[in-house]
Amino acid sequence: MEKRTTKIKLCGMRTVEDIEAVNSCRPDFAGIICTDGFRRYIPWQEALELKERLDPSIACVGVFVNETYEYVETYLKRGIIDVVQLHGREDNYYIEQLRRVMMYQGTVAPVIKAFTVRSREDIEEASRSTADYILLDNGTGSGESFDWSLLEDVGRKFFLAGGLGPENVAAAVEQLQPFAVDMSSRIETDFKKDPVKMHQAVEAVRNLLKTGDCIGQTETGALCFS
Ligand SMILES: O=C(O)c1ccccc1N[C@@H]1O[C@H](COP(=O)(O)O)[C@@H](O)[C@H]1O
């Protein structure tokens with residue numbers, strides 16, 4: 001029996017205070033928006049400073065939207081990020097080419113490909129992705145969730161994003177059993193990361209194991225209870 005341990009990603013870090021809060025609540029991943037034009041974007045020099053302050057046990061995810069391979073590579077080469085998240089129209093060809101560039105440069109990193117979910121066709125497209133992980137979302141940091149009933153049979157491990165926060169993340173984990181949950185908008189107050197909400201969200205997921213209700217999953221996916 002495999003013990004259930006849902007991974008946690010907190011995204012959209014912009015300041016040193018955000019990183020201090022991340023280091024204190026210890027998610028598995030912390031995300032930085034690397035494409036200009038989005039509200040949470042920060043320039044690479046600031047991203048580098050955040051990475052230098054990030055606890056090394058927490059993986060730094062760079063979020064890119066329709067960037068060139070070379071642009072993504074500069075973040076890897078500078079040691080700013082450990083994982084690449086593609087959140088635009090990047091297809092399997094793009095992922096293949098990006099992997100070639102990373103291989104050539106000696107910067108190979110896992111790739112997460114995000115998909116906006118509107119229909120079953122979107123899930124089917126996601127399931128064909130050659131990315132290391134898929135991420136199912138409602139948009140680009142919109143703070144809104146999507147129709148979870150579409151996720152009945154995803155067929156592979158997935159990151160779940162879109163409108164998750166302290167008040168609903170535990171229910172999402174119990175209902176959908178994602179590989180990881182990803183949160184940004186709902187761990188903010190007045191458009192800034194809120195350390196209290198960040199802690200509450202992380203604890204909401206981690207407490208699921210402590211409550212003694214659900215202690216794991218069988219190989220067929222059934223939940224086990226203590
Ligand atoms: O958050 C952004 O500004 C963003 C910009 C461009 C691409 C993706 C972005 N965010 C991603 O959205 C989800 C979080 O969604 P929510 O805010 O919790 O609803 C996460 O995957 C972020 O990487």
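Which residue stands opposite Phe64 in β4? In this predicted model, the residue opposite Phe64 is Leu86. The pair belongs to the contact between β3 and β4, which run parallel and are joined over four bridges. Between these two strands the chain passes through helix α3 (residues 69-77), and the resulting β-α-β crossover is right-handed.

The β3-β4 pair is part of a closed barrel of eight strands, ordered β1-β2-β3-β4-β5-β6-β7-β8 and paired in the parallel sense. From one strand to the next, the twist averages 25°. The UniProt record, in an unreviewed entry, lists residues 9-203 as "domain: N-(5'phosphoribosyl) anthranilate isomerase (PRAI)". Helix accounts for 35% of the span 9-203 and strand for 20%, and its end C-alpha atoms lie 13 Å apart.

Strand β1 (residues 7-10) is joined to β2 by two bridges, and the two strands run parallel. In this pairing, Leu10 is placed opposite Ala30 of β2. The connection from β1 to β2 goes through helix α1 (residues 16-25) as a right-handed β-α-β crossover. The loop between α1 and β2 contains Arg26. Arg26 is not a glycine, yet its phi is positive, at about 55°. With a relative accessibility of 41%, Arg26 counts as partly exposed, since the partly exposed class lies between the limits of 20% and 50%.

Strand β2 (residues 29-33) is largely enclosed by the rest of the structure, because five of its five residues are buried. The side chains alternate: Phe29, Gly31 and Ile33 point one way from β2, while Ala30 and Ile32 point the other way. Towards β3 (residues 59-64), β2 forms five bridges in a parallel arrangement, with Ile32 opposite Gly62. The chain reaches β3 from β2 by way of helix α2 (residues 44-53), again in a right-handed β-α-β crossover.

Within strand β3 lies Cys60. Its relative accessible area is 2%, so Cys60 is buried. Leaving aside residues up to four places away in sequence, Cys60 touches Ala30, Ile32, Lys51, Leu54, Ile80, Ile81, Asp82 and Val83. Ala30 and Ile32, two of these contacts, point to one side of β2. Cys60 and Asp28 are 32 residues apart along the chain, and their C-alpha atoms are separated by 8.9 Å.

Strand β4 (residues 83-86) is also made up of buried residues, with Val83 and Gln85 pointing one way and Val84 and Leu86 the other. On the side away from the β3 pairing described above, the partner is strand β5 (residues 111-116), which runs parallel to β4 and is joined to it by three bridges. Val84 stands opposite Val111 in this pairing. Helix α4 (residues 92-105) lies between β4 and β5 in the chain, and the three elements make a right-handed β-α-β unit. Further along the barrel, strand β7 (residues 158-160) and strand β8 (residues 180-183) pair in the parallel sense over two bridges. Here Leu160 is opposite Val181.

The largest nonpolar core has 59 residues, of which Leu10, Leu136, Leu151, Leu160 and Met183 touch the most other members. Helix α7 (residues 195-210) supplies the largest share of this core, with six residues. Apart from residues up to four places away in sequence, the contacts of Leu136 are Phe115, Val117, Ile123, Ala126, Phe146, Leu151, Val154, Phe158, Phe159, Leu160 and Ala161. A second core is separate and holds 11 residues, including Ala59, Ile112, Leu135 and Ala161.

A further residue with positive phi is Asp190, which has a value of about 50° although it is not a glycine. Asp190 is placed in the loop between β9 (188-189) and β10 (192-193). Its relative accessible area of 70% makes Asp190 exposed.

Notes. Residues are numbered from 1 along each chain as its sequence is written. This is a predicted model: local features need pLDDT of at least 70, side-chain atom pairs count only at pLDDT 80 or more; totals for chains, interfaces and linings use all residues. Side-chain values use heavy atoms; hydrogens and water are left out. A nonpolar core is a set of buried Ala, Val, Leu, Ile, Met, Phe, Trp, Tyr and Cys residues joined through side-chain atoms within 4.5 Å. Buried means under 20% relative accessible area, exposed over 50%, partly exposed in between (1.4 Å probe, protein chains only). Contact means heavy atoms within 4.5 Å. Two strands pair if DSSP finds at least two bridges between them. A crossover is right-handed if, with the strands pointing away from the viewer, the path from the first strand over the helix to the second runs clockwise. UniProt positions are given in the numbering used here, feature names are shortened, and annotations may be inferred rather than shown by experiment. Axes are lines fitted to C-alpha atoms, for helices over the stretch in contact, and angles run from 0 to 180 degrees between N-to-C directions.
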